[in-house]
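Work through these exercises with the model open beside you. Try each task before you read its solution.

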Amino acid sequence: MHKGDEVPLIEADARMAEALVIMTQKSFGCLGVLDGKGKLAGMITDGDLRRHMSNDLLTRKVSEIM
């Protein structure tokens, strides 16, 4: 069981560049996406990254990819 800062989380309006850094730092292979109230709104997985790979991936919003 992981908790606190160990859990990879990001706000839905963040950019994918930041999401990739968090996923890499936490080494989970996934990332929880939070809505504006801090509730879990979705997930991004390594597979999602591969499916959405494009030249503009790093500038897109997390909410577009989850």
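Two strands pair if DSSP finds at least two bridges between them. Helices (H or I, at least four residues) and strands (E, at least two) are DSSP runs, numbered from the N terminus. The model is predicted: local features need pLDDT of at least 70, side-chain atom pairs count only at pLDDT 80 or more, and totals for chains, interfaces and linings use all residues. Residues are numbered from 1 along each chain as its sequence is written, and side-chain values use heavy atoms, with hydrogens and water left out.

**Exercise 1. Trace the fold.**

Task: List the helices and strands in sequence order.

Solution. Start with the count: the protein has three helices and three strands. Then read along the sequence; the pattern is β-α-β-β-α-α.

**Exercise 2. Assemble the sheet.**

Task: Find how S1 and S2 run, parallel or antiparallel, and do likewise for S2 and S3.

Solution. Take S1 and S2 to begin with. They run parallel, joined by three bridges. Ile10 has Val33 as its bridge partner in S2. The chain goes from S1 through H1 to S2, a right-handed β-α-β crossover. Right-handed means that, with the strands pointing away from the viewer, the path from the first strand over the helix to the second runs clockwise.

Now take S2 (residues 30-34) and S3 (residues 40-45). Five bridges pair them in the antiparallel sense. Val33 has Gly42 as its partner in S3, and Gly32 stands opposite Met43. S2 and S3 make a hairpin with five residues between them. In its turn, Gly38 has a positive phi of about 80 degrees.

**Exercise 3. Judge the cover of S2.**

Task: Which residues of S2 point one way, and which the other?

Solution. Use these cut-offs: buried is under 20% relative accessible area, exposed is over 50%, and partly exposed lies in between (1.4 Å probe, protein chains only). Cys30, Gly32 and Leu34 point one way from S2. Leu31 and Val33 point the other way. In a regular strand the side chains alternate between the two faces of the sheet. Five of the five residues of S2 are buried. Over the whole protein, 32% of the 66 residues count as buried.

**Exercise 4. Find the core.**

Task: Which element gives the largest share of the largest nonpolar core?

Solution. A nonpolar core is a set of buried Ala, Val, Leu, Ile, Met, Phe, Trp, Tyr and Cys residues joined through side-chain atoms within 4.5 Å. The largest one has 14 residues; Ile10, Met16, Ala19, Leu31, Val33, Ile44 and Val62 touch the most other members. H1 (16-26), S2 and H3 (62-65) each give two or more residues. The largest share, four residues, comes from H1.

Next, follow Val62. Count a contact when heavy atoms lie within 4.5 Å. Leaving out residues up to four places away in sequence, Val62 touches several residues, including Ile10, Met16, Ala19, Val33 and Ile44.

**Exercise 5. Compare two residues.**

Task: Are Leu9 and Ser27 buried, partly exposed or exposed?

Solution. Leu9 is in S1 (residues 9-11). Its relative accessibility is 37%, so Leu9 counts as partly exposed. Beyond residues up to four places away in sequence, Leu9 touches Ile22, Leu31, Gly32 and Leu34.

Ser27 sits in the loop between H1 and S2. With a relative accessible area of 64%, Ser27 is exposed. Its phi is near 55 degrees, a positive value in a residue other than glycine. Most residues other than glycine have a negative phi.
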